[in-house]
Amino acid sequence: MTPLPSNSPISPNTKTTVKASELPAKPQTLADNVLAPRQRFSAEMPAIPGIGGPAAADDQRRARVNWGRAAIAVGAFLVLGSAGAWMMTRTTHSETALAVPVLQPSPAVADLPALPATPASVGHEIGTVEQFAAAWSAKKFTYTRALNGEQVPAIAIRLPGSNGRTAASYWVILLKAPFGNCALEYVSDTKEIASRFGFSATHPMIADTCSNTLYDPTRMGTLPNGSWARGEIVQGAGFRPPFQVEIHLDDNKLIAGRSED
């Protein structure tokens, strides 16, 4: 043992009391380390403005989801709006294309002068039965066409072998060739027929002086449609019998009706 210095206040015979706190620390052993494990290092996360802990992260995720939904909704709205605008434009275009202009009524026209009256052919009186006392008696008259008011010469002839009291007793025709402007003529003298047209006739004939065509009132001819009509062509280059006029009797009067043309 090393002796104390002579100047030390503590002598060998002096008892010195030492506090436990002033004693050196007891060295740790392996058992201490096992029984009392050290607390691991845990560093606190720095606080950054705008960024919090787990709760803040959840809020951010929810915010991102909400923003995504909002963006989808806005996109869908824009798409639907564009489609609606396109449909409206197309509909408007179609309606414009199909629109029919509405014609405004014309202003009232001043009273026009009355058209000249057209004589009616139906009901036109030809003559009386007494004027056709014998066969081959004939009477000319003017026939007015109801369609255009044209006045055409006509003739009524009493046929042989009739009593003169029925419509079938008469043959009424227009004295105008069926084609062209040539006039027809009633020739009653058989000698004249022979000299002018070179045809031997036994009774009066209707003649077309332009084509030297002769029509026989006693015979039936064929029309272009295959039907029959009185006035067969016995000579010449005619196409068909003359145009005929309907007649009826009113007491003792012959009344002209419709014409064939």
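Residues 24 or more positions apart account for 41% of the contacts in this chain that have a separation of 6 or more. The model is a predicted one, and it contains three helices and ten strands. Here is a friendly tour of its fold, its two nonpolar cores, its disulfide, its aromatic pairs and one buried threonine.

**Overall layout**

- Following the sequence, the elements come in the pattern α-α-β-β-β-β-β-α-β-β-β-β-β.
- The chain has 261 residues, and 23% of them count as buried.
- About 19300 Å² of the chain is exposed, with carbon and sulfur atoms supplying 59% of that area.

**Nonpolar cores**

- The largest nonpolar core is made of 16 residues, and those with the most contacts inside it are Ile-126, Phe-141, Tyr-143, Val-172 and Leu-174.
- At least two residues of this core come from each of the strands β2 (138-144), β3 (151-158), β4, β9 (245-250) and β10 (253-259).
- Another core, of 13 residues, lies apart from the largest one; Ile-155, Leu-175, Leu-184 and Tyr-186 are among its members.
- If you click on Phe-141 and set aside its neighbours within four places in sequence, you will find it in contact with His-124, Ile-126, Val-152, Pro-153, Ala-154, Ile-155, Ala-156, Val-172 and Ala-256.

**The disulfide**

- The count for this chain comes to one disulfide, formed by Cys-182 and Cys-210 with their sulfur atoms 1.9 Å apart.
- This bond links distant parts of the chain: Cys-182 sits in the loop between β4 (170-174) and β5 (184-187), while Cys-210 sits in the loop between β6 (205-208) and β7, 28 residues apart.
- The disulfide is left-handed because the torsion about the S-S bond of Cys-182 and Cys-210 is about -105°.
- Cys-210 has a relative accessibility of 51%, so it counts as exposed, the cut-off being over 50%.

**Aromatic pairs**

- Searching the whole structure turns up two aromatic pairs.
- In one of them, the ring centres of Phe-132 and Tyr-170 are 5.3 Å apart and the planes meet at 80°, so this pair is edge-to-face.
- That pair also joins distant parts of the chain, with Phe-132 in the loop between β1 (124-128) and β2 and Tyr-170 in strand β4, 38 residues apart.
- Phe-132 and Tyr-170 are both buried.
- Phe-179 and Phe-239 make an edge-to-face pair too, at 5.3 Å centre to centre and with 75° between the planes.
- Here the partners are 60 residues apart: Phe-179 lies in the loop between β4 and β5, and Phe-239 lies in the loop between β8 (228-235) and β9.
- Phe-179 is exposed, with a relative accessible area of 51%, and Phe-239 counts as exposed at 65% relative accessibility.

**A look at Thr-213**

- Thr-213 belongs to strand β7 (residues 213-222).
- Its relative accessibility is 0%, so Thr-213 counts as buried.
- The Thr-213 side chain makes a polar contact with the side chain of Ser-211 at 2.7 Å, and the Thr-213 side chain also reaches the backbone nitrogen of Gly-238 at 3.2 Å.
- Beyond its neighbours within four places in sequence, Thr-213 is in contact with Ile-206, Ala-207, Asp-208, Ile-233, Gln-235, Gly-236, Ala-237 and Gly-238.

Key
Residues are numbered from 1 along each chain as its sequence is written. This is a predicted model: local features need pLDDT of at least 70, side-chain atom pairs count only at pLDDT 80 or more; totals for chains, interfaces and linings use all residues. Side-chain values use heavy atoms; hydrogens and water are left out. Helices (H or I, at least four residues) and strands (E, at least two) are DSSP runs, numbered from the N terminus. Buried means under 20% relative accessible area, exposed over 50%, partly exposed in between (1.4 Å probe, protein chains only). A polar contact is a pair of N or O atoms within 3.5 Å; within protein, one must be able to donate a hydrogen and the other to accept it, and residues adjacent in sequence count only if both atoms are side-chain atoms. Contact means heavy atoms within 4.5 Å. A disulfide is a pair of cysteine sulfur atoms within 2.5 Å. A nonpolar core is a set of buried Ala, Val, Leu, Ile, Met, Phe, Trp, Tyr and Cys residues joined through side-chain atoms within 4.5 Å. Accessible areas come from the Shrake-Rupley method with a 1.4 Å probe; for residues, only the protein chains shown count as cover. Rings of Phe, Tyr and Trp (its six-membered ring) pair if their centres lie within 6.5 Å; planes under 30 degrees apart count as stacked, over 60 as edge-to-face and the rest as tilted.
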